[in-house]
Amino acid sequence: SKDNGRNRVSFFSKKLEDIIHEKVRIENKLRKAISQGELSFHVQPKLSIAQNKLISVETLMRWYDPVEGMIPPDRFISVAEDTGLIVKMGDWLIETVFSTIRANLDDINKVGLKAFAINLSARQFYSSTLVDNIAGYLEKHAIPAQMIEFELTESSVIEDVELAIRIMQQLKDLGCKISIDDFGTGYSSLSYLKRLPIDAVKIDRSFISDIPQDQNDVEISAAIIAMGHNLGLEVVAEGVETEAQLRFLKEHQCEYAQGYYIAKPKPLSSLLEEAESINAS
Ligand code: C2E
Ligand code: CA
Ligand code: CA
Ligand code: CA
């Protein structure tokens, strides 16, 4: 009946209102979070499979709200992207990662960490100030550029491939490395991949999580590793949660593995302490 229809409409618009309200609420809180120092980052190691050593880390943004506690990136990164706040947050993260490396460089060298990877969102990647800011922060904190790697998703690159290649080349010219994140989830990957000035591809977690049971995922992952190697790229597998998955990656000569089986994301200070005690034992 007519009444039912109207109820349905108001039911959906109520939900939509809730979603918008939640976004505005997060946006307002996020503005404060940036200025009040509630943002931080965790690091998750990447394991060199052949050497069985942790040799680099990915930085992952964290937001600690005094009232709500830890708010996960899935709840704030997309709001930050939609509102453009990500540009400021990402810039803050880059400088904070560099100053943290500088302050801990002795320990970082002692435990053998060679690189830090930083995620760049599309908005941030295409912003006109990105490359100059990175160059300035590298110099200000005296960070060797080869210690820094940037992770870009396929979907960011596809937005404007020509411009993306130019910006990537500028980052490469500074001496930084570049990897393609969430690889395999985008479109038309193969046609442009060989034109990109990149060092590595990261196989998306969705292809790793059902190895070895899912034969499709086994074949896709094996194909991505082989294709990456044919293009002279290193391959990183993310979301490695089991010994069987790690064994599969080793058999296929995948260079790096990242995931809960190896280590969960944690504060850099915790990782450095653990690594030191492992070395000392
Ligand atoms: P991502 O770049 O694909 O990062 C990997 C995510 O997978 C992280 O979630 C990590 O904690 C999680 N993860 C790692 N190993 C495992 C595993 O074995 N199993 C499972 N189930 N998950 C695993 P997190 O930290 O919640 O970050 C989620 C996403 O938020 C990231 O996905 C990235 O897209 C975004 N993000 C995080 N930090 C930043 C940042 O600083 N800048 C930007 N632009 N995006 C960020
Ligand atoms: Ca990433
Ligand atoms: Ca990913
Ligand atoms: Ca799957």
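The exercises below work through the strands, the calcium sites and ligand 1 of a predicted model.

**Exercise 1. Describe strand S1 and find its partners.**

Solution.
Step 1. Strand S1 spans residues 39-48, and nine of its ten residues are buried. The strand is therefore mostly covered, where buried stands for under 20% relative accessible area.
Step 2. One partner is strand S2, residues 53-65, which pairs with S1 in the antiparallel sense over ten bridges. Within this pairing, Lys 46 has Ser 56 in S2 as its bridge partner.
Step 3. S1 and S2 form a hairpin with four residues between the strands, and Asn 52 takes a positive phi near 50° there.
Step 4. Another partner is strand S9, residues 256-257, which runs antiparallel to S1 and is joined to it by two bridges. Here Leu 47 has Ala 257 in S9 as its bridge partner.

**Exercise 2. Follow the pairing from S2 through S4 to S5, and state the sense of each pair.**

Solution.
Step 1. S2 and S4 run parallel and are joined by four bridges. Thr 59 is paired with Ile 118 in S4.
Step 2. S4 and S5 also run parallel, and four bridges join them. Asn 119 has Glu 151 in S5 as its bridge partner.
Step 3. Strand S4 covers residues 115-119, and four of its five residues are buried, so the rest of the structure largely encloses it.

**Exercise 3. Which residues coordinate the calcium ion (ligand 2), and which parts of the chain do they link?**

Solution.
Step 1. The donors are Glu 58 (OE), Asn 119 (OD1), Glu 151 (OE) and Asp 181 (OD), at 2.2 to 2.3 Å.
Step 2. Along the chain these donors follow the spacing E-x60-N-x31-E-x29-D.
Step 3. Glu 58 lies in strand S2 and Glu 151 in strand S5 (residues 148-153); the two are 93 residues apart, and the pair links distant parts of the chain.
Step 4. Next, check the cover of these two residues. Glu 58 has a relative accessibility of 6% and so counts as buried. Glu 151 is buried as well, with a relative accessible area of 1%.

**Exercise 4. Which residues coordinate the calcium ion (ligand 3), and which residue connects this ion to the calcium ion (ligand 2)?**

Solution.
Step 1. The calcium ion (ligand 3) is coordinated by Asp 181 (OD), Asp 182 (OD) and Glu 238, the last of these listed with two OE donors, at 2.1 to 2.8 Å.
Step 2. In sequence the donor residues are spaced D-D-x55-E.
Step 3. Asp 181 coordinates both the calcium ion (ligand 3) and the calcium ion (ligand 2), and the two ions are 4.3 Å apart.
Step 4. Asp 181 belongs to strand S6 (residues 177-183), while Glu 238 sits in the loop between strand S8 (234-237) and helix H12 (243-251), so the pair ties together parts that are 57 residues apart in sequence.
Step 5. With a relative accessible area of 7%, Asp 181 is buried. Glu 238, at 12% relative accessibility, also counts as buried.

**Exercise 5. Name the protein donors of the calcium ion (ligand 4), and decide whether Ser 206 and Asp 210 are buried or partly exposed.**

Solution.
Step 1. The protein donors are Ser 206 (O), Asp 210 (OD) and Asp 217 (OD), which lie 2.4 to 2.8 Å from the ion.
Step 2. Their spacing in sequence is S-x3-D-x6-D.
Step 3. Partly exposed residues fall between the limits of 20% and 50% relative accessible area. Ser 206 has 39% and is therefore partly exposed. Asp 210, at 34%, also counts as partly exposed.

**Exercise 6. How many residues surround ligand 1, and which polar contacts do Glu 58, Asn 119 and Tyr 260 make with it?**

Solution.
Step 1. Ligand 1 is surrounded by 22 residues, the closest being Met 61, Arg 62, Arg 205, Glu 241 and Tyr 260.
Step 2. From the side chain of Glu 58, a polar atom lies 3.2 Å from an oxygen atom of ligand 1.
Step 3. For Asn 119, an N or O atom of the side chain is 3.2 Å from an oxygen atom of the ligand.
Step 4. Tyr 260 uses its backbone: a polar atom there is 2.7 Å from an oxygen atom of ligand 1.
Step 5. On its own, ligand 1 has 800 Å² of accessible area, and the protein covers 84% of it.
Step 6. Compare with Exercise 3: Glu 58 and Asn 119 are also among the donors of the calcium ion (ligand 2).

How values were computed: Residues numbered from 1 in each chain as written. Chains lettered and ligands numbered in written order. Predicted model: local features only at pLDDT ≥ 70, side-chain atom pairs only at ≥ 80, totals over all residues. Heavy atoms only, no water. Donors = N, O, S within 2.8 Å, 3.2 Å for Na, K, Ca; no water. Buried < 20%, exposed > 50% of the residue type's maximum accessible area, 1.4 Å probe, protein only. Pairing = 2+ DSSP bridges. Near = heavy atom within 4 Å. Polar contact = N/O pair within 3.5 Å; in protein donor to acceptor, adjacent residues only side chain to side chain. Areas by Shrake-Rupley, 256 points an atom, 1.4 Å probe, with all protein chains shown as cover.
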